[in-house]
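Morning, everyone. I'll put the structure up and then walk you through a few spots in it.

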Amino acid sequence: MTKTVQLAQEGTATLWHRLGLPRPLLLGYLGLLLFMIGDGVESNYLAPFLRDHNGLDTERVGLLVSLYGIVVAFAAWLSAALSDLWGPRRVMAIGFAAWVIFEVIFLTLGVAGDNEVVLFVSYALRGLGYPLFAFGFLVWIAAVADRRRLATAIGWFYVMFTAGLPTLGALVANGAIPLIGGLNTLWLSVGLVVSGGLLALFGVKEQIGRSRLAEPDAKPFAILFLGLRLIATRPQVLSAAIIRTINTAPQYGSFVFFPALFAEQFGFGLSRWLLLTTIIYAANIPFNVVFGMIGDRLGWVRTVRWFGAVGSGVSLLALYYLPAWTGSYALAILAGIAFGISLAGFVPLSAITAALEPSHPGAVMSAYNIGMGASVAVGPLLVAAFLGTVGAEGMVWIFAGMYALAALLTLVFPANGARFSTSDTTPTHPTSSSAH
């Protein structure tokens, strides 16, 4: 009996290893999924909700989301730097608490109280929440995952992240709004975030992420600003941060003006727009792992350049022009699926960045996270600045041009597009071998 149990355990361990999932972090992945579903509930209906409930126009919603994005960018940088200093789990706990506290203030005093100042301030400060939680967990993954399957392990992170924000989040909103109303749907999102946060924080027992990742004698100030120093002194790190900004800036920018474009101008209605959003990012979900595996085998840089940057630019143009020219919802779905799949092509960028400074995973990932957080601000800020001048079509071309720039920036990485290391089988953190 004991031997049978042992064989079963070994078989399970082998399965997780082949899938590229760090077994000690499995409940963290599930908690991340629930957390991001809650965070993503509002993603595609907050703009029309605030317009109808609180009288905010599209430009003011764009400003609101831009301020939120600035805080997200700041928190994204802090998430990795503080993970080196305090450990990823503590950073995740701070993000969890910040999300819940400021969301409650946003809903009670801001939205329900119809106080625009409180609404702007509380929503902006809620931007501390998901980056500290989610990107803290990303550093945890980078610190303990097998280097040979690092891109795949990170791919699973994006599966959970994207499945929640905005895919399943939009689906929850689409089903809940007709039943309980917009405001109560936002309260539902709080419950989902609480469930996911508690599961990740108390369900993961892995020890490395519960303690400081940096060397014991490293000074806190130096730890916090090492990521910024890497951006300033390492062109490859700077390029990785810029590419990461470009990766999802159009996604967050589209959340501001796509609902009106697809629901009203193209005549699809809000419900079909929310369904289209769900389909786009549902297509993205499995390909986060697929492109992680492709990157681990065929080259991280090559995958980001062609599948990520070029693919996203072309498919985004198709997502606009096919329904604009034909009025076909079916063609919009096909173009959206292509766009969702192409976004997953950027997944190996995380592995590229981590490999640039393997002895300081938190610091180098803080540079990456700055780009990730900046995308939340850059996309809506571009919309607020240019939508009134160039219109929706012009915005799509601006975003497509950004993807072309991302493709060019990949040229600073190794010309052969190979992985940075194929022989290193250890995790990226020098003290983390005991995790396996």
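Let me start with a term: I'll call something a salt bridge when a side-chain nitrogen of Lys or Arg sits within 4 Å of a carboxyl oxygen of Asp or Glu. Keep in mind that this is a predicted model, with local features needing pLDDT of at least 70, side-chain atom pairs counted only at pLDDT 80 or more, and totals for chains, interfaces and linings using all residues. Residues are numbered from 1 along each chain as its sequence is written, and side-chain values use heavy atoms, with hydrogens and water left out.

So, how many salt bridges does that rule give? The count is 8. One of them joins the side chains of aspartate 39 and arginine 126, at 3.4 Å from N to O. Aspartate 39 is in helix H2, residues 26-40, while arginine 126 is in helix H6, and the two are 87 residues apart. When I say helix, I mean a DSSP run of H or I with at least four residues, numbered from the N terminus.

Are aspartate 39 and arginine 126 buried or exposed? Both are buried. The cut-offs there: buried is under 20% relative accessible area, exposed is over 50%, and partly exposed is in between, with a 1.4 Å probe and protein chains only.

Arginine 126 has another partner, glutamate 42, with the closest N and O atoms 2.9 Å apart. Glutamate 42 is in the loop between H2 and H3, so this pair ties together parts that are 84 residues apart in sequence. Glutamate 42 is buried as well. Put Glu103 in the picture too, and you have a network of salt bridges linking Asp39, Glu42, Glu103 and Arg126.

Now compare a pair in another setting. Arginine 60 and aspartate 57 meet through their side chains in a salt bridge, at 3.8 Å from N to O. Here arginine 60 is partly exposed, at 30% relative accessible area, and aspartate 57 is partly exposed at 38%.

On to helix H3, residues 46-54. Its buried residues are Leu46, Ala47, Pro48, Phe49, Leu50 and Asn54. They pack against helices H4 (58-86), H5 (88-112), H6 (116-126) and H9 (182-203). Right after H3 comes glycine 55, with a positive phi near 75°.

Leu50 turns up again in the largest nonpolar core, which has 134 residues; Tyr29, Leu50, Tyr130 and Phe157 have the most contacts inside it. Helix H16, residues 361-409, gives the most to this core, with 20 residues. A core here is a set of buried Ala, Val, Leu, Ile, Met, Phe, Trp, Tyr and Cys residues joined through side-chain atoms within 4.5 Å. There's also a second, separate core of 10 residues, including Trp77, Leu82, Val91 and Leu132.

Last stop is asparagine 284, in helix H12, residues 269-298. It's a polar residue to look at closely: asparagine 284 is buried, at 3% relative accessible area. What does its side chain reach? The side chain of asparagine 284 gets to the backbone oxygen of glycine 340 at 2.8 Å, a polar contact, meaning N or O atoms within 3.5 Å, one able to donate a hydrogen and the other to accept it, with sequence-adjacent residues counting only if both atoms are side-chain atoms. Leaving out residues up to four places away, asparagine 284 touches Thr162, Gly340, Ile341, Leu343 and Ala344, where touching means heavy atoms within 4.5 Å.
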